[in-house]
Amino acid sequence: MLAPRLGCLLVVVLALWPQTAFAQSRPLDELLRFVPEDTGLCLLAQDLRTYTLEVMESPLADRLRKSSLLADLVSTPEWKLWLVSVKQVEKALELSWREMLDDVLGQAVVFAFRPGPPGKPELEQGLLLIRARKADTLARLVDRINEVQKASGELRELQTRQYRGQQYHCRVEDKQTNFYLLRGQVLLFTAQEAFLRAAIDREKQSPPDESVWSVRLRDLGLERAVAGLAINPRAYDEAMLLSGENGSTNRLLTTLWKDVQGFGLGLHLEQQSIRLTCRVLSRGKSSHPALSRFLAAADKPSTLWNALPENTLLAVGGRFDGQATLDLLRECLGKQAQDALFADLQRSVGAMLGKDLLKEVLPNLGPDWGLILVAPRATSKTWMPHMRFALRLTSPPGEDPPLEDTILQAIHGLAQMAVLAYNKKYPDRTLRLRMTRSNGCRIGSLTGEALLPGLEPAWAIKDGYLLLVTHPDEITAFTISRSQPSSEVPLLRVSFRNLLSYIKEHHQKLREALSANQRTEGSGSTSVLATLQEVLELFDKVELQHQSKPGAVTFTLRVDLTRRLRK
Amino acid sequence: MNCTVCEELLQGHLDGDIPLEHLEHHLQNCSLCESARPAILRLLAGVALLQPPSPSATLPQRIKLAVTREALVRKQRRRWQVSLRATLAIAAALVILVVGWLWPGKDSQPVEPPSGDLVQQEPSPQPAIVPLRASVAEAGNAAVSLTARTASVLPSSFSWPWLDSADLPELLMPEQDSLPVSPMLESTLQPLQDAGASVQAGLAPVTDSARRAFSLLLRDLPVSRSLAAHKPG
């Protein structure tokens, strides 16, 4: 008996579900129903009230309140002036800043922008849309602004107009006329009446579930962003087409532009991190062959990410297809410039290597590359971090001499020239060229009293990688391991945690280096390091990642914090 | 290689003082230098392909261009540093303006007007009807001053003086003009820089649009036009 009743109940709930969902549509979606489809650009902010309250009560805010940096700033005359002037605005509007944020701006704000036609930027149009939490507060604010500006003579006349059964107002000022529509919790404001009418039209045509811009924002991953910028590429087609008539680079851009379906920038506040995303939507697989190959290579993480030392301060790395990069470069440069560039490169680098640069060298560079900065050990006598650059070389089978040997000899030759020229110029502090061998790997390096302590630039080929480092130990320590398939491809990582440890471990040496620089006195250098430590304590790391799936490429810059950002 | 004789012969040959035969003779007879023979010969072949540095008629113009470019690079570097600081300052000021205003306990303390040159007139007594634009403009100017204040704090806190290449002693490499690769790199990089500038120009319709959208947003608001027109002293 119970099962049929439960079944009936489920059917009723499911039948009502879409209506319920629509009745509780998000404030942002409510505004986006007004935004005309051909709008070029949308700026948005949402849930400011919720985010502000959560951030205010977070451990991070608590830490910031105790920060000396902020305490110093809050005690400045500028800060006091800001407080006084805000009080004046609050008094004029009869609305506190807190009410403004909570009840008027705290739910959703959108600014829609239509660019003017090419050559006529003055015909651009803008529309500000606000979805307030409290309709009465919003109405009171609008009335108060009109009232105050009428009394001061800024507003000369307020007219009421009608369009498609919708009442809106025209504000006639000294130099300009602007228009607004107030409907419950929603306010639309513009200086262009045509845009307001287009918004009214759009709202009447928008489907009840999702508007065009809601779908666009969802595809761009901005539906939950606290702030964002979305661009509709079709609004710029004409301008890009005209731009494409100027040179080969722009022609390539115009070709690629046709494939772009959307572009979005978003700011996301998470529990313990801040994310800045940049997403480009395209028509599935790129129709441009060189770009497709370039993106396919860049779509996997570099093997170098699997073997980062624990004390890495900074790491940059990726993958590229040498031939695809070369082809893209060719298209960018145009015939004349590429002929000149490649002839120049062949005369110099190609001649030194004794190979055809375009056929035998550049296509065989990569795909993996990486650059890292590693903190010295705590016991090290020097404060100088070590740098390591690695580039994979792929020598075709049977090539004689192999590309690795050719490049190594060329670097050796350059180093010889450098030593000769330097020693001739500075006979009292000479450089020396040193060749050593470690685990079967030949390492070339430069030593001498001319170099900073701890610095010994070195080079080698190891495990198929060309290594350029600031100390031979980095070559000995270099290892690689197979990369794991991952949907997220790291491109950059800065570890603030390691940077903080590095500053603490080498504090004395860094302080001396700063003072010796003659820019900072002893106490000044201590202060600089103390300030830096105070700032670094708030952050864990910053990472730039690349993620791609059919039709969408996303770059994400994530800042991880040491404390929770939201309560 | 660690043979000083070879180094001297090589340098002498590069300077045009010693014929190639002397160096060849040494390479044939010195066991130390024998292993480096292919590299040295390749190096010499590469150097031989370089055009001799004879001064051309356009030399003065090129020097002038190089100096101008160097000045431009320095200016761009300064502008980049200023932009970074300004961005950091604006971000910091925005956070402070929003979060700071909601600071717990703020309302319990009376706000005293600041002393000094920043305030040109006493906020009280207030007129019966406060001119809204003037009030908003004043608040905006206060925000600008606060941003400038934040920016003035940042450079001393976040610059790493020893990373400034101008201050590094000449110890990493000889001066650039000692090496023939320097002019080579310069001429090689120029087309790439031109291509980069071209991409920037190609995207201008979109990037300009974003900038214009921000300007329009500020211009159209009924209470903020005076902000755009009014500049702090």
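**Exercise 1. In this predicted model, find which residues A:Cys42 touches, leaving aside residues up to four places away in sequence, and then place A:Cys42 within the nonpolar core.**

*Solution.* Begin with A:Cys42 itself: once residues up to four places away in sequence are set aside, A:Cys42 touches A:Val35, A:Val110, A:Ala112, A:Trp213 and A:Ala230. Next, turn to the largest nonpolar core, which has 67 residues and in which A:Cys42 is listed with A:Val110, A:Leu187 and A:Leu188 among the residues with the most contacts inside the core. The element that gives the most to this core is helix H6 of chain A, residues 77-93, which supplies nine residues. Finally, a second core, separate from the one just described, has 42 residues and includes A:Met352, A:Tyr422 and A:Ile443 as well as B:Leu43.

**Exercise 2. Describe helix H15 of chain A by stating where its kink is centred and which of its residues are buried.**

*Solution.* First locate the helix, which covers residues 335-353 of chain A and has a kink of about 40° centred on A:Gln346. Then list the buried residues of H15(A), which are A:Ala337, A:Leu341, A:Phe342, A:Ser348, A:Gly350, A:Ala351, A:Met352 and A:Leu353. One of these, A:Met352, is also included in the second core. To finish, look just after H15(A), where A:Gly354 takes a positive phi of about 70°.

**Exercise 3. Work out how strands S4 and S5 of chain A run relative to each other, and how many bridges join them.**

*Solution.* Start with the two strands, S4 at residues 155-163 and S5 at residues 166-173, which run antiparallel and are joined by eight bridges. As an example of the pairing, take A:Leu155, whose bridge partner in S5(A) is A:Glu173. Then examine the hairpin that S4(A) and S5(A) form, where two residues lie between the strands and A:Arg164 takes a positive phi near 50°.

**Exercise 4. State the domain bounds of chain A, and then summarise the secondary structure of chain B.**

*Solution.* For chain A, the domain assignment gives domain 1 as 25-267 and domain 2 as 303-489, and the centres of these two domains, taken over C-alpha atoms, are separated by 49 Å. For chain B, the count comes to nine helices and zero strands. Of the 233 residues in chain B, 19% are buried. As a last step, consider the contacts in chain B with a separation of 6 or more, of which 64% are between residues 24 or more positions apart.

Key. Residues are numbered from 1 along each chain as its sequence is written. Chains are lettered from A and ligands numbered from 1 in the order in which they are written. This is a predicted model: local features need pLDDT of at least 70, side-chain atom pairs count only at pLDDT 80 or more; totals for chains, interfaces and linings use all residues. A nonpolar core is a set of buried Ala, Val, Leu, Ile, Met, Phe, Trp, Tyr and Cys residues joined through C-beta atoms within 7 Å. A residue is buried if 20 or more other C-beta atoms lie within 10 Å of its own, exposed if 12 or fewer, and partly exposed in between; C-beta atoms are placed from the backbone. Helices (H or I, at least four residues) and strands (E, at least two) are DSSP runs, numbered from the N terminus. Two residues are in contact if their C-beta atoms, placed from the backbone, lie within 7 Å. The bend at a residue is the angle between axes fitted to the seven residues ending there and the seven starting there. Domain bounds come from an automatic or database domain assignment. Two strands pair if DSSP finds at least two bridges between them.
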